[in-house]
Amino acid sequence: MAPITFLEAIRQAMFEEMAADPRVVLIGEDVGVYGGAFKTSEGLLEKFGWERVIDTPISESAIIGAACGMSYLGLRPIAEMQFIDFIACCFNQLTNFVAKSHYLWNAPAPMVVRGPSGGGVHGGPFHSLNPEMYFLHTPGFKIVYPSTPYDAKGLLKSSIRDNNPVLFFEHKFLYRRIKEEIPTEDYTVPLGKAIVRREGKHLTILSYAAMMHTSLEAAAALAKEGIEAEVIDLRTLLPLDEETILNSVEKTNKCLVVHEHTKTGGIAGEISAILFEKAFHDLDGPLVRVASLDTPVPYAPTLEEAFLPNAQKVFVAAKDLAKF
Amino acid sequence: MPASETPAKLKKLSRQQYVDLYYYMRLNREVEDTMTRLFRQNKIVGGLYASLGQEAISVGTAYALEKRDWMAPMIRNIGALLVKGVPPRDIFTQHMAKYTSPTKGKDGTSHFGDLDNLHIISPISMLGDLIPVMTGVAMAGRYLGQKIVAMTWIGDGGSSTGVFHEGLNLAASQKAALVLILENNLWAYSTPVRRQVPLENLADRAKAYGISSYIVDGNDVVAVYTTAKEAVERARAGEGPILIEAKTFRRRGHAQHDPAEYVPKEQRTHWEKRDPIALYEEFLTAEKLLDAKGKKEIGDKIHELLEKDREFAENSPMPPPETADQGVYCAGPECHNLQPKWERPVDELLPPKSCVDPVWMVEGFGRGVSSSSSTAAPIHFGDVPPAAVSPEKDAAPIKVTKKPVPPPAKKPAPKKSAKRGGR
């Protein structure tokens, strides 16, 4: 079977889940006739009809509200944000209405909110965001951010089948840049499980999404210097797979976190606290963060490159950490 | 006052319906009176929001719904909850944060719902959010083949939120079976409606969405009910969302802590003379629908029920602290086995037959033509009357329907209603 892109993996997951389960519907801006701004829903309207593939006005709050209302009647809506940056427009509907629904009044809201996120494609300050940390601080969501086509398909299927609201981030840098052969039969990847992408013993690099590939690139360069980095792909940020993280740090005694969202208030801070609480005696060095600058995402390629982490920055930081 | 002079009263209801409306308004008021006493005894944990003087709206609108229909009340719609079948004890335990409450103490006031039986969706404090949610409920109901109507409420204050616009516009563009009750009680906390909205009638906003609207005297329960009933049936028939502005007055402050000294005395006096329950009692007496004995029986029945439920609530325990961290997530099928109630063949939604004509393909949909009698002409796509839009041409860009979309049925003559607002 020919390898497929990350984008095709997303499309296949939606297609197959909709074909198998009439409860699954897609709602968003330009998802129908146009097939989505990135063509992730191409062909879905033709196959499933416009009762199940719903083009909406430019109204993110209404999209989320309507998806939530649909979920209360037993449907499993997928709500698309055309760019994930626009999730800020429905922040209230998500954090106050959707996320609290099960805790407050025992009403599950099985829905997926998905959309293209992340930088590196010169999208500028409003088309490059990684807003996952806004939502990590909101009890009630599951947060998924895959890095490979295999995971993207398997995790999206798990997200659709989950009884909780899942925020599913798709790094647009990966959409057409990576390909992978995936099984033809139905499969899922469980939520809440990280995966070791490269084994190593000198230090642990935790990452996900596009930075996952950056970390692997750095790990390859480190290996040439005799430093064997263990690279872990978190895949799901909420719930976070603490077990895999702690097992690795117990072995390597050093931890570096690479994330593309800005440094202050980032996931590295949370992981750092977890390590202090649960693995203090395993640590031989400080937790090191490689993250984006604490600025909006700038537009000019030179500025954006300065803003984002890259393999060189990870390599330098890891080499310093390995000295401890 | 611009509201209609209640010709609706002339429409005959059954004796039982007249009595029901009276019962629920009395129950609404006495539930709140009981809670006011509990509040003064420090037994209500948080705030208490009164609907004194607005009972006719909650009761009259909710009474127009059927059991299968869905509602999402706002904070002052205790009466709507009671009509839909919520026992007073649930309202007491909610306000007292008891473990026996519908949310087991996780939230208070009218913030609770019931997906399985009563079809009630819990409100949140952020105003307007329920409008798109109930739009989604109506859309899902249509998709499942259920002939349901979704009803929710908003105040004059909440009608200024962005999500009010997003929600109502989506509902209008989807022709969702949504009935939105806009309770104009003249005050958003301390800000009078005149300083919020430069409109005489908030129902005028319906024009902007190409939907129908009504204005009704919110202190006349029969007018409210008959208007809501007509709106519910029109929405159910596929006419799209309908906005009802009910004119009334908030006789208490925003909540118990607020003495509302900003309200002019004359305004308060005017509205106190128009108490909806007193007005309705006069009507019932004049029409010989209820005598003194009947009233007393109702009063006794309510008193007995409320005493029992209040006692239950007062004797209920607070939630155990260890439940605080429970229930953030649904644990899966053993926690909730979520299955929709299909009332249409499911296989017509799955390949290869998933391209059938949508069942919600209703007249005017997608052609920019409103059901509203005021905007019967096309509003977006040039001056092409609906009948002139060929089915082929209409279906072509979508490429979904294998069968051509049937030409739209001839538009029925718009119903004239003396109550219809905004004209």
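This report covers the contact between chains A and B, the two domains of chain A, and selected sheet elements in each chain. The model is predicted.

**The contact between the chains**

Chain A contributes 43 residues and chain B contributes 54 residues to their contact. On the chain A side, four elements give two or more residues each: helix 2 (44–48), helix 3 (60–72), helix 4 (91–98) and helix 5 (101–105). Helix 3 of chain A provides the largest share, nine residues. By residue class, this side of chain A holds 23 nonpolar, 15 polar and five charged residues.

**Two domains in chain A**

Chain A is assigned domain 1 (4–180) and domain 2 (195–322). Their centres, taken over C-alpha atoms, are 26 Å apart. The two domains touch: 25 residues of domain 1 of chain A contact 23 residues of domain 2 of chain A. On the domain 1 side, at least two residues each come from helix 6 (132–136), strand 6 (142–144), helix 7 (149–161) and strand 7 (166–171) of chain A. That side divides into 13 nonpolar, nine polar and three charged residues.

**A five-strand sheet in chain A**

Chain A has an open sheet of five strands, ordered 9-11-10-13-14, with mixed pairing. Strand 9 (195–198) and strand 14 (288–292) of chain A form the edges. Each has a single partner strand, so one side of each lacks a neighbour in the sheet. From one strand to the next, the twist averages 25°.

Strand 10 (residues 203–207) and strand 13 (residues 255–262) of chain A pair in the parallel sense, over three bridges. Within strand 13 of chain A, A:Leu256 is the residue opposite A:Ile205.

Two helices of chain A lie across strands of this chain. Helix 8 (residues 209–224) lies across strand 9, strand 10, strand 11 (229–233) and strand 13 of chain A. Helix 8 of chain A runs at about 140° to strand 13 of chain A. Helix 12 (residues 311–322) lies across strand 10, strand 11, strand 13 and strand 14 of chain A. The angle of helix 12 of chain A to strand 14 of chain A is about 170°.

**Chain B and its strand 7**

Chain B has 13 helices and seven strands. Of its 423 residues, 48% are buried. Among contacts in chain B with a separation of 6 or more, 75% join residues 24 or more positions apart.

Strand 7 (residues 242–247) of chain B has six of its six residues buried, so the rest of the structure largely encloses it. In a regular strand, side chains alternate between the two faces of the sheet. Here B:Ile242, B:Ile244 and B:Ala246 point one way, while B:Leu243, B:Glu245 and B:Lys247 point the other way. All of these are buried, B:Glu245 and B:Lys247 included.

Strand 7 of chain B pairs with strand 3 and with strand 6 of chain B. The table sets out both pairings.

| Partner of strand 7 of chain B | Sense | Bridges | Residue pair |
|---|---|---|---|
| Strand 3 (residues 178–184) of chain B | parallel | six bridges | B:Ile181 opposite B:Ile244 |
| Strand 6 (residues 212–217) of chain B | parallel | six bridges | B:Ile215 with bridge partner B:Glu245 |

Between strand 6 and strand 7 of chain B, the chain passes through helix 9 (residues 221–239) of chain B. This β-α-β crossover is right-handed.

How values were computed
Residues are numbered from 1 along each chain as its sequence is written. Chains are lettered from A and ligands numbered from 1 in the order in which they are written. This is a predicted model: local features need pLDDT of at least 70, side-chain atom pairs count only at pLDDT 80 or more; totals for chains, interfaces and linings use all residues. Two residues are in contact if their C-beta atoms, placed from the backbone, lie within 7 Å. Ala, Val, Leu, Ile, Met, Phe, Trp, Tyr, Cys and Pro count as nonpolar, Asp, Glu, Lys and Arg as charged, and the others, Gly among them, as polar. Domain bounds come from an automatic or database domain assignment. A residue is buried if 20 or more other C-beta atoms lie within 10 Å of its own, exposed if 12 or fewer, and partly exposed in between; C-beta atoms are placed from the backbone. Two strands pair if DSSP finds at least two bridges between them. Axes are lines fitted to C-alpha atoms, for helices over the stretch in contact, and angles run from 0 to 180 degrees between N-to-C directions. A crossover is right-handed if, with the strands pointing away from the viewer, the path from the first strand over the helix to the second runs clockwise.
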